[in-house]
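Let's take a friendly walk through the inside of a protein chain. Have the sequence and the coordinates at hand as you read.

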Amino acid sequence: MEDRFVLKGEFVVLDRQTGLAWQRGASEEPMVWGDGFGYIDGLNASKFAGFDDWRYPTREELATLILPEEDRNSGLYIHPLFSSKRNCWTSTEAGHHKACYVDFYYGDVYIIEENYANHYVRAVRTHR
């Protein structure tokens, strides 16, 4: 049986189940939700990992990375190939000035004020 997650180079993790290619790490610093769009633009302008079609993941896309059991080493509900960034924004808005984020420590999706919290951004692209 093939592994679901495969490291492609140093910076990209391919999810064979969904066909999505993920940034292995995430933004260096946490940021408010709206700044995540600029972060994605910067990745594309610099052709991060050789690609210029990175995007902000939707709630549904990022939630596919939540594992059913936590990793014993990291204590997070995400595969150990990924960096240990606990909270990552999604592009999904949830009402007036609210957005969804995934908390890999608790293994669930939450909603919070867009400018209230600083979370990381992990970019995604469709693998071709």
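What follows is a short report on rings, cores, cysteines and one serine in this predicted model.

## Aromatic pairs

Let's begin with the rings. The structure contains ten aromatic pairs. In one of them, Phe-5 meets Phe-82 edge-to-face, with 5.6 Å from centre to centre and 85° between the planes. This pair links distant parts of the chain, as the two residues are 77 apart. Phe-5 belongs to strand β1 (residues 5-8), while Phe-82 sits in the loop between α2 (59-63) and β4 (87-93). Phe-5 is buried, at 5% relative accessibility, and Phe-82 is buried as well, with a relative accessible area of 6%.

Elsewhere, ring pairs join Phe-11, Phe-48, Phe-51 and Trp-54 into a cluster. Phe-51 also has a charged residue over its face: Arg-125 lies 3.6 Å from the ring centre.

## Nonpolar cores

Phe-5 and Phe-82 turn up again here. The largest nonpolar core has 18 residues, and the members that touch the most others are Phe-5, Trp-22, Leu-62, Leu-65, Phe-82 and Phe-104. Two or more residues of this core come from each of β3 (20-23) and β5 (98-103).

Another core, of 17 residues, lies apart from it. Its members include Ala-21, Ile-40, Leu-43 and Ala-99.

## Cysteines without a bond

How many disulfides does a search of the whole structure find? It finds zero. Take Cys-88: its nearest cysteine sulfur belongs to Cys-100, 14 Å away. Why is the sulfur of Cys-100 not bonded to that of Cys-88? The two sulfurs do not form a bond because 14 Å is too far; a disulfide needs them within 2.5 Å. Both residues are hidden from solvent by the accessibility criterion: Cys-88 is buried, with a relative accessible area of 0%, and Cys-100 is buried, at 1%.

## A buried serine in a loop

Our last stop is Ser-27, in the loop between β3 and α1 (35-45). Is Ser-27 buried or exposed? At 1% relative accessibility, Ser-27 counts as buried, because the cut-off for that label is under 20%.

A polar atom of the Ser-27 side chain lies 3.0 Å from the backbone oxygen of Glu-29. Setting aside neighbours within four places in sequence, Ser-27 is in contact with Tyr-39, Lys-85, Tyr-120 and Val-121.

Notes:
Residues numbered from 1 in each chain as written. Predicted model: local features only at pLDDT ≥ 70, side-chain atom pairs only at ≥ 80, totals over all residues. Heavy atoms only, no water. Phe/Tyr/Trp six-rings, centres within 6.5 Å; stacked < 30°, edge-to-face > 60°. Helix = DSSP H or I, 4+ residues; strand = E, 2+ residues; numbered from the N terminus. Buried < 20%, exposed > 50% of the residue type's maximum accessible area, 1.4 Å probe, protein only. Lys NZ or Arg CZ within 6 Å of the ring centre and 35° of its normal. Core = buried A, V, L, I, M, F, W, Y, C linked by side-chain atoms within 4.5 Å. Polar contact = N/O pair within 3.5 Å; in protein donor to acceptor, adjacent residues only side chain to side chain. Contact = heavy atoms within 4.5 Å.
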